[in-house]
Amino acid sequence: MNLEADSTTSFLRPLAAILRASRDGTSVKDGLVGFESRPSLRTKLLMAFLVIEVLLVSVGVIGFLSLREADQQTNRVLALQHKIEAYRQVQHDTLRQLYGVSTALALPNEKTLASALRQINQFGYGLDRISFVEKDEVALLDQVREEYERFIAVVSDVVDLIRNGRAADAKQRELVELGPLADKLERLTNQLVNRAEADMVAGIDASRQAYGNSQILVAAVALASLILTLVLGHAISRSVIDPVHIIHNGLNRIAAGDFTQRIDVPNRDELGALAAHVNSTCAELQQLHLVVGVLEGAAAGVSDHEG
């Protein structure tokens with residue numbers, strides 16, 4: 001009996017050693033140390049979707065700002081067009097009135113002189129309207145108004161001289177004062193139109209340049225967003241699919257009875273925790289497999305001894 005007990009004890013010693021190693025070994029929770037402090041897979045996916053949303057919003061905001069800038073440029077061009085029309089009207093009215101005054105003084109009679117005075121006195125209303133619409137050329141408009149007031153005063157004096165029968169004096173003042181004033185008024189109105197047309201051309205060029213820059217900016221941001229989205233999607237997919245393949249292959253090895261291999265997953269998220277669980281389970285199965293082997297050996301030894 002003592003010999004049988006010693007034999008059984010010798011077979012059970014490896015089993016006890018395995019059980020002690022199992023108790024002294026690291027647990028599943030010990031293998032998961034460090035996973036709780038890392039972002040989870042859900043957090044990573046949410047962050048990825050947030051980045052994509054930010055990129056989409058950025059493209060939308062940039063597109064909106066580009067459209068607003070294009071609309072502002074269009075409104076500016078329209079305002080310049082209206083200004084050109086107004087200045088051309090002033091130029092037309094000035095030339096017409098200068099011609100009317102010249103005709104009235106060339107063939108003086110009470111009707112033509114009264115009509116000429118009435119027309120030149122109405123010119124100020126048009127200038128007031130132009131000054132109200134456009135404020136960036138007030139100085140030039142004030143100069144036009146000042147010169148036109150002088151022109152009205154000289155015309156009134158010439159008309160009075162004609163009415164008083166002093167035709168020679170009227171002719172002299174017409175040549176000395178009215179002619180230069182008429183030429184200066186014509187130059188000033190031409191200057192208004194030319195400046196407005198130059199602003200119109202500059203505005204069209206600026207609008208085209210702004211539109212081209214907006215196209216480049218939107219295309220660049222869209223392309224950058226596409227590249228970042230692809231890179232981010234590829235990184236997220238690899239961080240999910242590759243560990244799944246690794247765990248799948250490890251489970252296939254365990255199912256085939258190979259408990260010696262361990263799953264190496266670099267993730268520090270749920271997939272990494274799953275790999276740690278699988279490794280711990282594989283280690284427990286390996287120990288159980290050794291226990292079973294020892295028990296089978298002990299049983300075979302006892303049977304041989306009894307035999």
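Begin by selecting helices α6 (138-163) and α7 (167-255), which in this predicted model pack against each other at an angle of about 160°, their axes lying 9 Å apart. Because an angle over 145° counts as roughly antiparallel, α6 is described as running roughly antiparallel to α7, and the crossing of the two helices is left-handed.

Next, add α3 (41-106) and α4 (110-121) to the selection, since these two, together with α6 and α7, are the elements that give two or more residues to the largest nonpolar core. That core has 33 residues, of which V101, I120, F151, V155 and L178 touch the most other members, while α6 contributes the largest share, 11 residues.

Now centre the view on V155 and display its surroundings: leaving aside neighbours within four places in sequence, V155 is in contact with V101, L117, I120 and L178. Apart from this core lies another, of eight residues, which can be found by selecting F259, I263, V265 and A275, all among its members.

Return to α6 for the last stop, and show the side chains of Y148 and F151, both of which are buried. A search of the whole structure finds one aromatic pair, and Y148 and F151 form it, in a tilted arrangement with 5.7 Å from centre to centre and 40° between the planes. Why are these two residues separated by about one helical turn? Y148 and F151 are three residues apart in helix α6, and therefore about one helical turn separates them.

Terms used: Residues numbered from 1 in each chain as written. Predicted model: local features only at pLDDT ≥ 70, side-chain atom pairs only at ≥ 80, totals over all residues. Heavy atoms only, no water. Core = buried A, V, L, I, M, F, W, Y, C linked by side-chain atoms within 4.5 Å. Buried < 20%, exposed > 50% of the residue type's maximum accessible area, 1.4 Å probe, protein only. Helix = DSSP H or I, 4+ residues; strand = E, 2+ residues; numbered from the N terminus. Contact = heavy atoms within 4.5 Å. Phe/Tyr/Trp six-rings, centres within 6.5 Å; stacked < 30°, edge-to-face > 60°. Axes fitted to C-alpha atoms, helices over the stretch in contact; angles between N-to-C directions. Parallel < 35°, antiparallel > 145°, perpendicular 65-115°, else oblique. Left-handed = near helix turned anticlockwise from the far one by under 90°.
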